[in-house]
Amino acid sequence: MRLEYFQMVDKVLALDLEARTLKTANIVPDQSPIFEGHFPGHPLLPGVLLFEIMAQTCGMLLLRLHNYDRMAFLASVDKGKLRTFVTPGQTIEVHAEMVHDGSGFARLKAAGQIEGKLVCNAEVTLKTMPFPAPELRGYLLQTAERIGMPMGAPADVGSAAPASAGNLTNV
Amino acid sequence: MSTTFETVANIIAETCDIPRENITPESHAIDDLGIDSLDFLDIAFAIDKAFGIKLPLESWTQEVNEGKATTEQYFVLKNLCARIDELIAAKTA
């Protein structure tokens, strides 16, 4: 996780294209300027960033389902709950599930766990639209490769180790 | 149409906290009921789920923006319900 660059998702743990679910690992860094203010002597990952982690996992799932032909933007977070403190060095596993893929928007559910304990959950609405800039699509494809997003057809994508990211770097 | 309207009106009332009696078939979702685009996403989500369809919101918006359609065609509730009925009929055809 590189907080200052809003790179929240570190690794894909499982992708199920048929069930439309994605599970990611997100490691809170040991050190960050954010912890100097939030809070002195009691460093906590800000709650808004927990929502961002869930939103980005939802977004990565949506982009993958749409084969990176559209960008997703956060539109709303409903029924959001922050259940416990999250501190430097912890790993948050986020599970995202598509609830409804509409026309120009999508509704997903997301939940974060640390060592099996639920720490946050929310319903996330994303607006989708064509990529407003080609470099943004390239950046997202690089991100997909960085986090090990399986890029094969549904039959090739299991819940085991991610497959090769294919020719992403050529896009 | 009447059943469709009742369902849609109830969805709008619940989603946007608008008194049910203020919602009529002649109501314009945007101009009369003051529903903004983000609230309409919630309504579209509920309509999609209730009727098992997918409102083509994106193409409607594009048509309106390009001047090929008016907002009344899609956002006056009786017209919205007619579009929904068409989508339901197309699904079952």
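In chain B, residues 24 or more positions apart account for 58% of the contacts with a separation of 6 or more. This chain belongs to a predicted model, which scores ipTM 0.82 and pTM 0.87, and chain B itself averages a pLDDT of 94, with 98% of its residues scoring at least 70.

The secondary structure of chain B comes to five helices and zero strands, so that, read along the sequence, the pattern is α-α-α-α-α. Taken along the principal axes, the C-alpha atoms of chain B fill a box of roughly 30 × 30 × 20 Å. A compact globule of 93 residues would have a radius of gyration near 12 Å, and because chain B has 12 Å, the two values agree. Buried residues make up 28% of the 93 residues in this chain.

Two residues of chain B deserve a separate look. Asp17(B) lies in the loop between helix H1 (2–16) and helix H2 (37–51) of chain B, and its phi is near 55 degrees, a positive value in a residue other than glycine. Most residues other than glycine have a negative phi, and most peptide bonds are trans. Asp17(B) counts as exposed, because 8 other C-beta atoms lie within 10 Å. Leu57(B), by contrast, is found in helix H3 (residues 57–65) of chain B and counts as buried, because it has 20 C-beta neighbours inside 10 Å. Between the C-alpha atoms of Leu57(B) and Leu38(B), which are 19 residues apart along the chain, the separation is 12 Å.

Leu57(B) also leads across to the other chain: leaving aside residues up to four places away in sequence, Leu57(B) touches Gly102(A), Ser103(A), Gly104(A) and Ala44(B). The contact between the chains takes nine residues from chain A and eleven residues from chain B. On the side of chain A that touches chain B, strand S3 (71–82) and S5 of chain A each supply at least two residues, and the residues of that side divide into two nonpolar, six polar and one charged.

How, then, are the strands of chain A arranged in their sheet? Six strands form an open sheet in the order S1-S2-S4-S5-S6-S3 (chain A), with antiparallel pairing. Strand S1 (11–16) and S3 of chain A stand at the edges, and because each has a single partner strand, one side of each is left without a neighbour in the sheet. Neighbouring strands of this sheet are turned by 20 degrees against each other on average, direction ignored. Helix H2 (residues 47–65) of chain A packs on the sheet, where it touches S1, strand S2 (21–27), S3, S4, S5 and S6 of chain A, and the direction of this helix makes about 50 degrees with that of S6(A).

Within the sheet, S5 can be followed from one partner strand to the other. Strand S4 (residues 91–101) of chain A and strand S5 (residues 105–114) of chain A pair in the antiparallel sense over eight bridges, and S5(A) pairs with strand S6 (residues 117–129) of chain A, again in the antiparallel sense, over ten bridges. Leu108(A) in S5(A) illustrates both pairings, since Met98(A) stands opposite Leu108(A), while the bridge partner of Leu108(A) in S6(A) is Val124(A). Elsewhere, Gln113(A) stands opposite Leu118(A) in S6(A).The turns that join these strands can be described in a similar way. The hairpin of S4(A) and S5(A) has three residues between the strands, and in it Gly104(A) takes a positive phi near 85 degrees; Gly104(A) is also one of the residues that Leu57(B) touches. S5(A) and S6(A) form a hairpin with two residues between them, and Glu115(A) in this turn has a positive phi of about 50 degrees.

Two further backbone details of chain A lie in loops. Arg20(A), in the loop between S1 and S2 of chain A, has a positive phi of about 60 degrees although it is not a glycine, and Arg20(A) is partly exposed, with 19 other C-beta atoms within 10 Å. Phe39(A) has its place in the loop between helix H1 (33–37) and H2 of chain A, and the peptide bond from His38(A) to Phe39(A) is cis, with omega near -5 degrees.

Methods. Residues numbered from 1 in each chain as written. Chains lettered and ligands numbered in written order. Predicted model: local features only at pLDDT ≥ 70, side-chain atom pairs only at ≥ 80, totals over all residues. Pairing = 2+ DSSP bridges. Helix = DSSP H or I, 4+ residues; strand = E, 2+ residues; numbered from the N terminus. Rg over C-alpha atoms; globule rule 2.2 N^0.38 Å. Buried ≥ 20, exposed ≤ 12 C-beta atoms within 10 Å, placed from the backbone. Contact = placed C-beta atoms within 7 Å. Nonpolar A, V, L, I, M, F, W, Y, C, P; charged D, E, K, R; others polar. pLDDT = per-residue confidence, 0-100. Axes fitted to C-alpha atoms, helices over the stretch in contact; angles between N-to-C directions.
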